Amino acid sequence: MTTALITHPASLAHVTPPGHPEQVARYRAIMDALDAEAFDALDRREAPICERAEILRCHPAEYVDRIEAAIPSEGTQALDADTHVSPGSWEAAQRAVGGCCAAVDAVLAGDVTNAFVAMRPPGHHAEAARAMGFCLFGNIAIAAKRALDEHGLARVAVVDFDVHHGNGTQDLLWSEERALFCSSHQMPLYPGSGAAGETGAHGNVLNVPLDPMTGGAEMRRTYDDVILPAVAAFEPEMVLVSAGFDAHAADPLANLNWTTQDFAWVTRRICEVAGEVCDGRVVSTLEGGYDLDALGAATAAHGTALMEAA
Ligand SMILES: [Zn+2]
């Protein structure tokens, strides 16, 4: 079995204003990193445009209309202080959702053991009716809903190791008792949510805030002692991952001190737990990561760990 890599050059046409950290060059850095011979065995697939109905699993129709209507014919348009769209953003956003859905389908069909969806815009900050934090649609929450509602899984877990709290995923899965959402994140930091006391409508949300400057050793303890036991106890039939690489020490937007090897470690451990409870079924999707060199290296480490587990 193998690992799918799901991408599309439409990600290059989602353009943000000059100097914006969530930039086109991020996609190039990842593609360059995954172009090495070590990744020849990846099952490379194109992210399809999703059906509108997929987005509607998590977002109201008027919100989807509002995003589509905001797409400019040239230049960029601000949706809030951080979040922008350009003429190519609509296709890119639909392919980001479509890639995550295709990853779920491929893993559940048994075509591949696991999958990594490297698309932008990212998704974990997008709430039901609010674009924010560079995100338009809740890519990973939509994928979770597809796994539950379309494929009939009884339970899925979402693990979010991006340095920022996945407020959007939390919002979209808050009342979904079939989904466990676990997030480690720096606090205080944008978006400000993610306190340990936020536990979901059914106890299905697990937030583990980390102090600034937390390094890999404490992160590993957090995963070994808190997050991974919770995932295992939930007995998910698939594990979805919001893979943000901005907890890296080199990242300009945050102050955690994870190393490239820490991203390999957390990926391996997530895959090990998935191996114990759900035949290794893991769907991972790109979220943040803003130092281009660190992003490339950490993504390569993530991809390598996924391939070793497949
Ligand atoms: Zn982030």
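This report walks through the charges, cysteines and backbone features of the structure above. The model is a predicted one, so please read every value here as computed from that prediction.

**Salt bridges**

Let's start with the charged side chains. The structure holds 17 salt bridges, and three of them are set out below.

| Pair | Closest N to O distance |
|---|---|
| Arg26 and Glu22 | 2.8 Å |
| Arg57 and Glu150 | 3.0 Å |
| Arg178 and Asp149 | 2.8 Å |

In the pair of Arg26 and Glu22, both residues are buried.

The bridge between Glu150 and Arg57 links distant parts of the chain, 93 residues apart. Glu150 sits in the loop between helix 5 (139–149) and strand 6 (156–160), while Arg57 belongs to the loop between helix 2 (52–55) and helix 3 (61–70). Glu150 has a relative accessible area of 48%, so it counts as partly exposed. Arg57 is partly exposed too, with a value of 23%.

Arg178 and Asp149 also tie together separate parts of the chain, because Arg178 lies in the loop between helix 6 (167–173) and strand 7 (179–186) and Asp149 in helix 5, 29 residues apart in sequence. Arg178 is partly exposed at 28% relative accessibility, and Asp149 is partly exposed at 43%.

Some bridges share partners: Glu54, Arg57, Asp105, Arg146 and Glu150 are joined in this way into one network. The Glu150 and Arg57 bridge described above therefore has both of its residues in that network.

**A negative surface patch**

Which residues gather in a patch of negative charge on the surface? They are Asp32, Asp35, Glu37 and Asp40. Asp35 is found in the loop between helix 1 (24–33) and strand 2 (43–46). With a relative accessible area of 59%, Asp35 is exposed.

**Cysteines**

If you are wondering about disulfides, the structure holds zero of them. Cys100 is in no disulfide, and the nearest cysteine sulfur, that of Cys101, is 7.0 Å away. A disulfide needs two cysteine sulfur atoms within 2.5 Å, so a separation of 7.0 Å does not qualify. Cys100 is buried, with a relative accessible area of 0%.

Cys271 is likewise in no disulfide. For Cys271, the nearest cysteine sulfur is that of Cys278, 9.6 Å away. Cys271 is buried as well, at a relative accessible area of 8%.

**Backbone features**

Most peptide bonds are trans, and most residues other than glycine have a negative phi. Here are some places where the backbone departs from that pattern.

Where are the cis peptide bonds? One runs from Arg120 to Pro121, with omega near 5°. Pro121 is placed in the loop between strand 5 (114–117) and helix 5. Another cis bond runs from Met187 to Pro188, again with omega near 5°. Pro188 is found in the loop between strand 7 and strand 8 (205–210).

Positive phi values turn up on either side of helix 7. Met213 is not a glycine, yet its phi is positive, at about 75°. Met213 lies in the loop between strand 8 and helix 7 (216–234), and its 52% relative accessibility means that it counts as exposed. Glu235, also a residue other than glycine, has a positive phi near 55°. Glu235 is in the loop between helix 7 and strand 9 (239–243).

Technical notes. Residues numbered from 1 in each chain as written. Predicted model: local features only at pLDDT ≥ 70, side-chain atom pairs only at ≥ 80, totals over all residues. Heavy atoms only, no water. Patch = residues over 30% accessible without salt bridge, like charges linked within 9 Å, V, L, I, M, F, W, Y side chains within 5 Å. Areas by Shrake-Rupley, 256 points an atom, 1.4 Å probe, with all protein chains shown as cover. Salt bridge = Lys/Arg side-chain N within 4 Å of Asp/Glu carboxyl O. Lys, Arg positive; Asp, Glu negative; His and termini not counted. Charge placed at Lys NZ, Arg CZ, Asp CG, Glu CD. Helix = DSSP H or I, 4+ residues; strand = E, 2+ residues; numbered from the N terminus. Buried < 20%, exposed > 50% of the residue type's maximum accessible area, 1.4 Å probe, protein only.
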